[in-house]
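Here is a quick tour of one protein chain, going from the overall fold down to a few residues worth a look. Keep the viewer open as you read.

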Amino acid sequence: MTHVVTESCIKCRYTDCVDVCPVDCFKMGPNFLVIDPDECIDCAVCIPECPVNAIYAEEDVPPDQLEFVMLNRELAKAWPIISKRVASAPDADEWATVVVKKQHLDRG
């Protein structure tokens, strides 16, 4: 099993979760993070660190977010590893409460 970053992360890209990951499974795109399912060891330490509750165990991903399981897998192949916290998006706090934002995902 793996963990999945969902829609809430888009345009926020807080990286608190990255700091606690013991295996560097996060990958960073222009305005979103993903978890590489081939690297994730299912430790779950990232879940409580996410300030926008965007990370779920794969089996707990809400039905309306299931497309993010494949999206994490796909984008993890294209994006670089991030292994430590970096600044969030400049307007992250404004986007943190926006619910529907899939259309803003930048695949870079």
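## Overall build

With 108 residues, a compact globule would be expected to have a radius of gyration near 13 Å, and the protein chain comes in at 12 Å, which agrees. Keep in mind that this is a predicted model. Along its principal axes, the C-alpha trace covers about 30 × 30 × 25 Å.

Three helices and four strands make up the secondary structure of the protein chain. Going along the sequence, the pattern reads β-α-β-β-β-α-α. As for how the chain folds back on itself, 77% of the contacts with a separation of 6 or more are between residues 24 or more positions apart.

## Surface and charge

How much of the chain is buried? Of the 108 residues, 45% count as buried. The protein chain exposes about 5700 Å², and carbon and sulfur atoms supply 52% of that area.

On the charge side, the protein chain carries 10 positive and 19 negative charges. The mean positions of these two sets are 6 Å apart.

## The aromatic cluster

Now to the rings. Two aromatic pairs turn up in this model. One of them joins Phe 32 and Trp 79 edge-to-face, with 6.4 Å centre to centre and 80 degrees between the planes. Phe 32 sits in the loop between E2 and E3, while Trp 79 sits in the loop between helix H2 (67-76) and helix H3 (92-95), so the pair ties together parts that are 47 residues apart in sequence.

Are these two rings buried or exposed? Phe 32 has 0% relative accessibility and counts as buried. Trp 79 is buried as well, with a relative accessible area of 7%. Add Phe 68 and you have one aromatic cluster, made up of Phe 32, Phe 68 and Trp 79.

## Helix H2 and its cover

Phe 68 also leads us into H2, where the buried residues are Phe 68, Val 69, Leu 71, Asn 72, Leu 75 and Ala 76. An α-helix has 3.6 residues a turn, so residues three or four places apart point the same way. That is a handy thing to have in mind when you look down the helix.

What covers this buried set? The cover includes strand E1 (3-5), E2 and E3.

## Gln 65, ahead of H2

Gln 65 is found in the loop between E4 and H2. Its relative accessible area is 7%, so Gln 65 is buried. Leaving aside neighbours within four places in sequence, Gln 65 is in contact with Thr 6 and Glu 7.

For a sense of distance, take Cys 17 as a second landmark. Gln 65 and Cys 17 are 48 residues apart in sequence, and their C-alpha atoms are 19 Å apart in space.

## Cys 43 in the E3-E4 loop

Cys 43 belongs to the loop between E3 and E4. With a relative accessible area of 36%, Cys 43 is partly exposed. Once residues up to four places away in sequence are set aside, Cys 43 touches His 3 and Pro 22.

Val 23 makes a useful reference point here. Cys 43 and Val 23 are 20 residues apart along the chain, and 9.7 Å separates their C-alpha atoms.

## Two positive phi angles

Which backbone angles deserve a second glance? Asp 24 has a positive phi of about 55 degrees although it is not a glycine. Asp 24 lies in the loop between helix H1 (16-20) and strand E2 (26-28). At 33% relative accessible area, Asp 24 is partly exposed.

Asn 53 is another non-glycine residue with a positive phi, near 55 degrees. Its place is in the loop between strand E3 (33-35) and strand E4 (55-57). Asn 53 has a relative accessible area of 53%, so it is exposed.

Terms used. Residues are numbered from 1 along each chain as its sequence is written. This is a predicted model: local features need pLDDT of at least 70, side-chain atom pairs count only at pLDDT 80 or more; totals for chains, interfaces and linings use all residues. Side-chain values use heavy atoms; hydrogens and water are left out. The radius of gyration is taken over C-alpha atoms; the globule rule is 2.2 Å times the number of residues to the power 0.38. Buried means under 20% relative accessible area, exposed over 50%, partly exposed in between (1.4 Å probe, protein chains only). Contact means heavy atoms within 4.5 Å. Accessible areas come from the Shrake-Rupley method with a 1.4 Å probe; for residues, only the protein chains shown count as cover. Lys and Arg count as positive and Asp and Glu as negative; His and the chain ends are not counted. The place of a charge is taken as NZ of Lys, CZ of Arg, CG of Asp or CD of Glu. Rings of Phe, Tyr and Trp (its six-membered ring) pair if their centres lie within 6.5 Å; planes under 30 degrees apart count as stacked, over 60 as edge-to-face and the rest as tilted.
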